[in-house]
Amino acid sequence: MTTSSSGSAVIDMENMDDTSGSSFEDMGEMHQRMKEEEEVTAEAAATEEDNGEYGEFLGMKGLKGQLGRQVADEVWQAGKRQASKAFNLYANIDILRPYFDVEPNQVRNRLVESLIPVRMINFPQKVAGELYGPMMLVFTMVAILLHGMKTSGTVIREGTLMGTAIGTCFGYWLGVSSFIYFLAYLCNAQITMLQMLSLLGYGLFGHCMVLFITYNVHFHSLFYILWLVIGGLSTLRMVAVLISRTVGQTPRLILCGTLAALHMLFLLYLHFAYHKMVEGILDTLEGPNIPPIQRVARDVPVVANAVVNATIKSIAAVVQSQ
């Protein structure tokens with residue numbers, strides 16, 4: 001008798017002896033043994049199936065645990081990298097060092113050159129590729145504008161005077177530079193964003209001079225003269241640079257006209273946005289506006305009439321007696 005892996009028993013008839021003396025008791029024991037083997041085999045199969053399911057469950061839990069550890073490790077590494085960047089400020093400053101590495105005499109020369117337009121359109125004029133001078137000029141304009149706000153009694157309901165001054169100056173510098181650079185890209189002008197920031201930043205030197213003078217000594221004629229002379233020179237300097245870097249009459253007209261209008265109008269805005277101070281200074285210099293004195297007819301009191309009548313009668317009596 002042999003037992004297969006499927007749990008069924010097969011009797012080998014060739015090896016059985018007919019004269020072995022088998023009886024019904026032997027056949028019953030054999031059947032009982034086969035039944036027990038089938039039950040054992042069934043229990044083993046059920047155990048293997050349960051173990052497989054439990055193993056799969058344990059594998060899923062292990063996979064989840066591994067993913068969790070991996071995510072936690074990634075978060076830790078990311079936080080570590082951010083902390084390293086935050087503490088390595090010197091390395092981050094080195095990235096910006098070329099844009100602020102300039103000598104004081106170079107800044108002085110560029111400030112003077114910002115008021116001297118050069119008529120050279122055959123070759124592109126050089127533009128400084130640094131941000132130290134322009135940023136210092138913007139901060140200087142912030143201080144001048146803040147001084148004008150305080151002396152004019154400006155009240156900001158939402159925000160502060162410092163925030164308004166910084167937003168106005170830096171907003172003009174960055175916003176107009178980006179807009180002009182976009183127009184230059186459309187007009188195929190040969191200028192980069194860094195050069196545009198430097199060019200417009202140095203162009204604010206004339207605005208700082210005009211505002212500093214007119215905020216302290218105000219005369220309408222003086223402001224308009226400085227606006228045309230100093231503001232016009234700084235604007236012409238930028239226009240000349242853009243003309244030398246742009247090809248075509250129409251692109252030059254669009255680009256340079258837009259820049260000149262924005263630059264000159266911004267100076268007018270900074271001056272007349274605080275007209276309260278201007279009116280106060282004019283009242284101090286010219287005196288208050290007092291209306292002329294006019295003669296008004298008034299009623300004479302009764303007592304005065306009586307005194308006048310008595311005086312007249314006394315005079316008449318004296319005259320008659322003589």
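In this predicted model, ring pairs join Phe139, Phe170 and Trp173 into a cluster. That makes a handy starting point for a look at the aromatic side chains. The structure has 6 aromatic pairs. One of them brings Phe139 and Phe170 together edge-to-face, with 5.2 Å from centre to centre and 70 degrees between the planes. Phe139 belongs to helix 4 and Phe170 to helix 5 (residues 161-186), so this pair ties together parts that sit 31 residues apart in sequence. The partners are not covered to an equal degree: Phe139 counts as partly exposed because its relative accessibility is 41%, while Phe170, with a relative accessible area of 16%, is buried.

Tyr172 and Phe266 make up another aromatic pair, and this one is stacked, at 3.8 Å centre to centre and 0 degrees between the planes. Here helix 5 supplies Tyr172 and helix 8 (residues 249-272) supplies Phe266, so the pair ties together parts that are 94 residues apart in sequence. Both rings are tucked away from the surface: Tyr172 is buried with a relative accessible area of 8%, and Phe266 is buried too, at 9%.

Phe266 also turns up around a histidine. His207 sits in helix 6 (residues 193-216). Once neighbours within four places in sequence are set aside, His207 is in contact with Met141, His263, Phe266 and Leu267. His207 counts as buried, because its relative accessibility is 0% and the cut-off for buried is under 20%.

Back at the surface, Phe139 has a second role to report. Together with Ile95, Leu96, Tyr99, Phe100, Tyr132 and Met136, Phe139 forms a nonpolar patch whose accessible area adds up to about 640 Å². Helix 2 (89-100) and helix 4 (132-151) are the elements that each give two or more residues to this patch. Helix 2 makes the largest contribution, with 4 residues. Tyr132, one of the patch members, is located in helix 4. With a relative accessible area of 37%, Tyr132 is partly exposed, since that value falls between the 20% limit for buried and the 50% limit for exposed.

Charged side chains come next. The count of salt bridges comes to 1. In a salt bridge, the side chains of Arg110 and Glu130 meet at 2.9 Å, N to O. Arg110 is part of helix 3 (residues 104-113), and Glu130 is in the loop between helix 3 and helix 4, so the pair ties together parts that are 20 residues apart in sequence. As for cover, Arg110 is partly exposed, with a relative accessible area of 24%, whereas Glu130 counts as buried at 4% relative accessibility.

Helix 3 holds another acidic residue, Glu113. Glu113 is partly exposed, with a relative accessible area of 40%. In sequence, 121 residues separate Glu113 from Ser234, yet in space the two are 9.0 Å apart, C-alpha to C-alpha.

Now for the wider picture. The chain's secondary structure amounts to 10 helices and 2 strands. Following the sequence, the pattern reads β-β-α-α-α-α-α-α-α-α-α-α, so to speak a pair of strands and then a run of helices. An unreviewed UniProt entry carries the annotation "transmembrane region" for residues 131-149, 161-184, 196-215, 221-241 and 253-274. Two of these spans can be set beside the model. Residues 131-149 are 95% helix and 0% strand, and their end C-alpha atoms lie 27 Å apart. Residues 221-241 are 100% helix and 0% strand, with 30 Å between the end C-alpha atoms.

Some totals round this off. The chain has 322 residues, and 27% of them count as buried. About 22,400 Å² of the chain is exposed, and carbon and sulfur atoms supply 63% of that area. Among contacts between residues at least 6 apart in sequence, 77% join residues at least 24 apart. The stacked rings of Tyr172 and Phe266, 94 residues apart in sequence, give one example of distant parts of the chain being tied together.

Notes
Residues numbered from 1 in each chain as written. Predicted model: local features only at pLDDT ≥ 70, side-chain atom pairs only at ≥ 80, totals over all residues. Heavy atoms only, no water. UniProt positions renumbered as here; feature names shortened; annotations may be inferred. Buried < 20%, exposed > 50% of the residue type's maximum accessible area, 1.4 Å probe, protein only. Contact = heavy atoms within 4.5 Å. Patch = residues over 30% accessible without salt bridge, like charges linked within 9 Å, V, L, I, M, F, W, Y side chains within 5 Å. Areas by Shrake-Rupley, 256 points an atom, 1.4 Å probe, with all protein chains shown as cover. Salt bridge = Lys/Arg side-chain N within 4 Å of Asp/Glu carboxyl O. Phe/Tyr/Trp six-rings, centres within 6.5 Å; stacked < 30°, edge-to-face > 60°.
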